[in-house]
Amino acid sequence: NELFQDAPTVADWLATELALSLSNAIETAAFNGVVANAPLVDGLNLLMIAGSNATYAASLTITGSGLDTPEELTKAHFLGLIGKLPQYAKAGAKFFMSPYTHALSAMNLDLNQGGSIGLSAGSSFSFLGYPVILTDQMPSTGDLTGLSVVLLADLSSSSLFGIRQQIEIAQSSDVQFLSDNTVIRAVARCGIKNHSVGSDTQAGPVQAIVCG
């Protein structure tokens, strides 16, 4: 409590950090969750990795043996996603990739072919006519063999996301009254279900580049 008295803005900073942490946890579940463990969600990345075993083969573009880094992706790999994406999913589709993959692959391909891309901080990006969403939940550096490195997805057709309780920040000086401490609590509840990503014979609204 003395800290809060000496630096009142610390409370606001903590609230922001807690909200960011919860938002990151929700995004992690959506992309990399494991249904066998908490939070009981099958993430998109892991679903598509399972596709390398032919579960979702019709929705995969495999780079080929030895092509295991973002720098080695070609425009043909990205066009493979667009070509396989069902017509009903094209209008709402977006690319999802890490900032590293975007810089070393998509942006590099555009620049090498005379394209013009925005480099200002916070600017929105597009590639091959589709918006690009940057997320740290997608793999980026190192040997990415067997991993889904780029998604082209219409999440409105593939996934459900429901907020059961918005992020709520609360604090109490009563819980640890004798220690003169304030306890800060952050809670959020949501439901995520990636329900339609295609099959071994039918391309779905989520397409993935998987390093071979």
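**Pockets of the predicted model**

Helix H2 supplies the largest share of the lining of the largest pocket, with five residues. The model is a predicted one. The space in this largest pocket amounts to about 250 Å³. Three elements give two or more residues each to its lining: helix H2 (9-32), strand E6 (159-172) and strand E7 (183-194).

The lining of the largest pocket can be listed along the chain. It begins with Ser 23, Ile 26, Glu 27, Ala 30 and Phe 31. Leu 44 and Leu 155 are also among the lining residues. Ser 159, Leu 160 and Phe 161 contribute as well. Ile 192 and Asn 194 complete the set. By class, this lining divides into eight nonpolar residues, three polar and one charged.

The second largest pocket holds about 160 Å³ of space. Here, H2 and E7 are the elements that give two or more residues to the lining. The largest share comes from E7, again with a contribution of five residues. Ala 188, Arg 189, Cys 190, Gly 191 and Ile 192 are among the residues that line this pocket. Leu 22, Ala 25, Ile 26 and Ala 29 line it too. Pro 39 and Val 41 are the remaining lining residues. The class counts for the second largest pocket are nine nonpolar, one polar and one charged.

Two residues appear in both linings. Ile 26 lines the largest pocket and also the second largest pocket. Ile 192 likewise belongs to the lining of the largest pocket and to that of the second largest.

Key: Residues numbered from 1 in each chain as written. Predicted model: local features only at pLDDT ≥ 70, side-chain atom pairs only at ≥ 80, totals over all residues. Heavy atoms only, no water. 1 Å grid on protein atoms, 1.4 Å probe; cavity = no way out; pocket = protein on both sides within 12 Å on 5 of 7 lines; lining within 4 Å. Points joined across faces, edges and corners; volume = space filled by probe spheres on them. Helix = DSSP H or I, 4+ residues; strand = E, 2+ residues; numbered from the N terminus. Nonpolar A, V, L, I, M, F, W, Y, C, P; charged D, E, K, R; others polar.
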